[in-house]
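Q: I am new to reading protein structures, and I would like a close look at one part of the surface. Please start there and then lead me step by step into what surrounds it.

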Amino acid sequence: MSFVLHNRAAGNVAVAGGMLHIMPAGVFQPSSVLPAALAADFDLWRNMMREYSEEFLGTAEHGGDGEPADYTAEPLASFQREYAAGGIRVFCLGVALDALTLWGEILTVAVFDGPTYDRLFADMVSANDEGTVVKTGRVRPTSALPFTRHTIDELTASGRLAPAAAGCIQLAWEHRRTILGRG
């Protein structure tokens with residue numbers, strides 16, 4: 001059991017610049033300003049798929065004046081297939097409001113089974129437009145941070161975690177039996 005963190009580039013992001021945040025982290029918004037995107041994109045899982053595509057795979061940002069996201073095209077189609085097949089389970093832990101910035105964030109967790117994660121993220125990038133993936137380990141660096149109480153305590157004590165990231169990780173730990181399917 002592991003999770004991935006992102007070192008957010010201060011000049012490239014609207015939220016948590018210069019801090020560590022859960023990866024992916026994104027704004028709940030349509031993939032385009034065109035009216036066709038509004039109804040199609042008002043779906044938390046679709047927003048998460050786009051963020052995984054952008055942050056884990058380095059694809060272009062799904063937002064702005066262009067065409068709406070095509071959920072039948074790769075890699076979004078593969079995310080949807082794996083989700084429908086049960087290889088990905090998604091949970092909403094709540095909504096957080098940062099008291100200093102008044103920025104709201106929807107705290108979510110996606111649990112991938114091992115083979116699904118390996119398939120979807122075989123070509124995972126180490127950096128994207130919004131920052132770099134946090135790596136650990138000297139001999140064999142990995143982006144998979146252990147989902148343990150020790151890791152969570154170390155990260156929280158470091159003062160580098162974005163407030164929403166700290167809240168998300170703490171809530172995920174508190175509800176780990178449910179989100180990991182262990183009663």
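A: Let's begin with the word "patch". A nonpolar patch is built from residues that have over 30% relative accessible area and take part in no salt bridge, with their nonpolar side chains joined within 5 Å. Keep in mind as we go that this is a predicted model.

Now look for F28, F42, V95 and I106. These residues make up a nonpolar patch on the surface, and together they offer about 430 Å² of accessible area. F28 is a good place to pause: you will find F28 in the loop between strand 3 and helix 1. Is F28 buried, exposed or partly exposed? Its relative accessibility is 35%, so F28 counts as partly exposed. The reasoning is simple, because buried means under 20%, exposed means over 50%, and partly exposed is what lies in between. We will use those cut-offs again.

Next, follow the patch into the strands. V95 falls within strand 4, which covers residues 88–97, and I106 falls within strand 5, which covers residues 104–112. Strand 4 and strand 5 pair with each other in the antiparallel sense, over nine bridges. One place to see the pairing is V90, which stands opposite A110 in strand 5. Although I106 belongs to the surface patch, strand 5 is mostly covered, with seven of its nine residues buried. A general idea may help here: in a regular strand the side chains alternate between the two faces of the sheet. Six residues lie between the two strands of this hairpin, and among the details there, L102 takes a positive phi near 60°.

Staying in this area, we come to an open hollow. The second largest pocket has a volume of about 190 Å³ and is lined by 13 residues. V15, D98, T101, W103 and E105 lie nearest its centre. Strand 4 and helix 6 (163–174) are the elements that give two or more residues to this lining. So strand 4 takes part in two things we have now met: the hairpin with strand 5 and the lining of this pocket.

Let's go back to the loop that holds F28 and look at what is enclosed inside the protein. How many cavities of 30 Å³ or more does the structure hold? There is one. About 40 Å³ of space lies in the largest cavity. Its lining includes V27, Q29 and P30, along with N47, R50, E51, E54, E61 and H62. R50 has a second role, for its side chain meets that of D41 in a salt bridge, with 3.6 Å from N to O. What about the cover of these two partners? D41 counts as buried because its relative accessibility is 3%, and R50 counts as buried because its value is 2%.

The loop of F28 starts after strand 3, and strand 3 leads us to a sheet. Four strands form an open sheet in the order 3-2-7-6, paired in the antiparallel sense. Strand 3 (20–22) and strand 6 (127–128) are the edges, each pairing on one side only. Strand 2 (residues 5–8) pairs with strand 3 over three bridges, and strand 2 also pairs with strand 7 over three bridges. N7 shows both sides of strand 2 nicely: its bridge partner in strand 3 is L20, and N7 stands opposite T132 in strand 7. Strand 7 (residues 131–133) in turn pairs with strand 6 over two bridges, with G131 as the partner of N128.

A salt bridge joins this sheet to one of its loops. The side chains of R8 and E130 meet at 3.3 Å, N to O. R8 sits in strand 2, while E130 sits in the loop between strand 6 and strand 7, 122 residues apart. R8 counts as buried because its relative accessibility is 6%, and E130 counts as buried because its value is 15%.

To finish, here is one more pair for contrast in cover: E82 forms a salt bridge with R119, the closest N and O atoms being 3.0 Å apart. E82 lies in helix 3 and R119 in helix 4, so the pair ties together parts that are 37 residues apart in sequence. E82, at 16% relative accessibility, counts as buried, whereas R119, at 52%, counts as exposed.

Note on methods. Residues numbered from 1 in each chain as written. Predicted model: local features only at pLDDT ≥ 70, side-chain atom pairs only at ≥ 80, totals over all residues. Heavy atoms only, no water. Pairing = 2+ DSSP bridges. Buried < 20%, exposed > 50% of the residue type's maximum accessible area, 1.4 Å probe, protein only. Patch = residues over 30% accessible without salt bridge, like charges linked within 9 Å, V, L, I, M, F, W, Y side chains within 5 Å. Areas by Shrake-Rupley, 256 points an atom, 1.4 Å probe, with all protein chains shown as cover. Salt bridge = Lys/Arg side-chain N within 4 Å of Asp/Glu carboxyl O. 1 Å grid on protein atoms, 1.4 Å probe; cavity = no way out; pocket = protein on both sides within 12 Å on 5 of 7 lines; lining within 4 Å. Points joined across faces, edges and corners; volume = space filled by probe spheres on them.
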